[in-house]
Amino acid sequence: MSSPHRGQRVAVVALAFALAAPIAAAHADPLVHYDVVDKAIPQSLTGVPGDPANGRKLVIDRARGNCLACHEMPIPEQDFQGTIGPDLKGVADRLTEGQLRLRVVDAKAITPDSVMPAFYRTDGLYRVADKLAGKPIFSAQEVEDVVAYLETLK
Amino acid sequence: MKYVIAGAMVAAGLLAHGAVRAADAQTGGDGLGKYIVGDKRSGYVFAEPDTRAMQDDDFQNPGMVWVEAGKQLWSTPDGAAGKSCQTCHGDAATSMKGVATHYPKFNPRVGKVIDLEQRIDMCRAKALQAKPYPWESHELLAMTTFIKNQSRGMPMNVAVDGPAAPFFEKGKESFYRRRGQLDLSCASCHETLEGRHLRADVLSQGQTNGFPTYRLGWQTLGSLQKRIKGCDKQMRADPHAFGSDEYVNLELYLAWRGNGLPVETPAVRK
């Protein structure tokens with residue numbers, strides 16, 4: 001978070017929201033507006049390229065993305081990968097960047113019965129723990145980071 | 001020719017082996033049969049062999065400590081009336097046999113469904129004139145585990161018709177209600193994904209016939225409501241309070257899902 005690159009990003013997001021507190025901006029409501037086109041979000045949520053290395057950290061982190069809970073991914077140092085969702089090896093060959101982005105943002109927009117959490121949504125949720133209320137799982141930039149990581153899975 | 005015969009024998013052996021395996025699954029030759037009733041599978045089926053062995057041996061099963069503690073409490077007078085449970089109920093091996101298979105159960109005195117823990121505290125308040133045991137206290141866990149243990153091996157058999165029906169419906173609604181930041185219901189994990197890996201865990205059906213259960217992860221024995229609270233927290237949801245109607249009604253629905261499965265209390269799980 002303290003790298004100049006990250007600081008620049010936060011500043012951009014903060015400007016986009018016209019908010020004074022850059023730390024809060026990462027999880028602030030309202031969410032960045034996005035357009036769904038043909039079951040995809042073609043445009044970046046932030047305009048700032050995603051960082052695949054940070055994306056890889058987020059998909060592993062059990063307190064954040066925890067994607068490995070359900071999905072197998074080509075991350076050999078992580079044992080006990082989940083078998084609930086599809087194996088994500090080669091997912092970038094099967095889906096476009098925009099399709100990946102919508103799946104991370106809100107997979108239920110494609111498959112309403114999916115068990116996959118929406119990682120960038122705050123409405124329509126029930127009894128969210130107080131400290132997380134109104135906050136999406138990922139910030140807009142973190143969505144971009146995870147999408148950038150998934151794009152490397154070819 | 002010799003090879004053909006040998007090959008045929010191997011093939012026959014493999015077929016026979018397969019047949020035995022299939023038969024085992026049906027009849028319990030592998031020791032699992034009594035834990036599978038129709039399409040209902042106890043958590044025992046999903047447990048590691050070492051964990052099953054720990055449950056099966058009363059001298060190894062750490063939950064038996066609570067059974068023994070409950071047995072002591074059963075005959076120890078407590079409260080202003082100077083009575084113990086035994087004063088009214090006599091030998092628990094007789095009087096409590098089968099009782100826990102019917103809980104949670106509609107109680108006309110309070111006009112709603114209550115669970116075994118609440119029934120114990122109701123007895124303490126009315127008959128013993130004693131203070132209720134707090135939720136998740138050693139005493140309440142011990143007494144609940146002791147009483148349910150008197151039904152070990154008997155099929156769960158809760159009623160969900162008559163006056164219990166509206167409470168059952170609420171419990172069912174709760175089972176299917178998505179919750180928390182992760183937006184998952186009980187059904188999301190425990191209805192169609194059994195046997196799948198959630199990281200290092202294997203998803204079970206979420207059956208409740210073994211509660212109170214000794215969980216190796218807790219390093220202690222805990223109630224079903226403690227487990228449900230744990231699930232709620234994993235969903236990043238705001239849990240309900242111990243003893244809340246929401247949890248008791250959900251307990252009723254969960255028990256009904258497992259009607260027919262044998263009481264295993266105290267079960268041992270990961």
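Me: Which residues are buried in helix H4 (residues 64–74) of chain B?
Reply: Happy to help, and keep in mind that this is a predicted model. A residue counts as buried when its relative accessible area is under 20%. In H4 of chain B, the residues that are buried are B:Met64, B:Trp66, B:Val67, B:Ala69, B:Gly70 and B:Trp74.

Me: What covers the buried residues of H4(B)?
Reply: Both helices and strands of chain B take part in the cover. Strands S7 and S8 are included. Also included are the helices H5 (85–89), H6 (92–95) and H8 (138–149).

Me: In what order do the 3 strands of the open sheet in chain B stand?
Reply: Good one to trace by eye! Strands S8 (220–222) and S9 (267–269) of chain B are the edge strands, each pairing on one side only. The pairing in this sheet is mixed, and the order is S8-S7-S9.

Me: Which residue in S9(B) stands opposite B:Thr213?
Reply: Strand S7 (residues 213–215) of chain B pairs with S9(B) in the parallel sense, over 3 bridges. Opposite B:Thr213 stands B:Ala267.

Me: What area is buried between domain 1 and domain 2 of chain B?
Reply: Domain 1 covers 2–57 + 158–269, and domain 2 covers 64–149. Their contact takes 26 residues from domain 1 and 22 residues from domain 2. Carbon and sulfur atoms give 68% of the buried area, which is about 1900 Å².

Me: How many salt bridges does the rule find across the interface of domain 1 and domain 2 of chain B?
Reply: The rule asks for a side-chain nitrogen of Lys or Arg within 4 Å of a carboxyl oxygen of Asp or Glu. Across this interface, the count is 1 salt bridge.

Conventions. Residues are numbered from 1 along each chain as its sequence is written. Chains are lettered from A and ligands numbered from 1 in the order in which they are written. This is a predicted model: local features need pLDDT of at least 70, side-chain atom pairs count only at pLDDT 80 or more; totals for chains, interfaces and linings use all residues. Side-chain values use heavy atoms; hydrogens and water are left out. Two strands pair if DSSP finds at least two bridges between them. Helices (H or I, at least four residues) and strands (E, at least two) are DSSP runs, numbered from the N terminus. Buried means under 20% relative accessible area, exposed over 50%, partly exposed in between (1.4 Å probe, protein chains only). Contact means heavy atoms within 4.5 Å. Domain bounds come from an automatic or database domain assignment. Buried area is the accessible area (1.4 Å probe) that two parts lose on being put together, summed over both.
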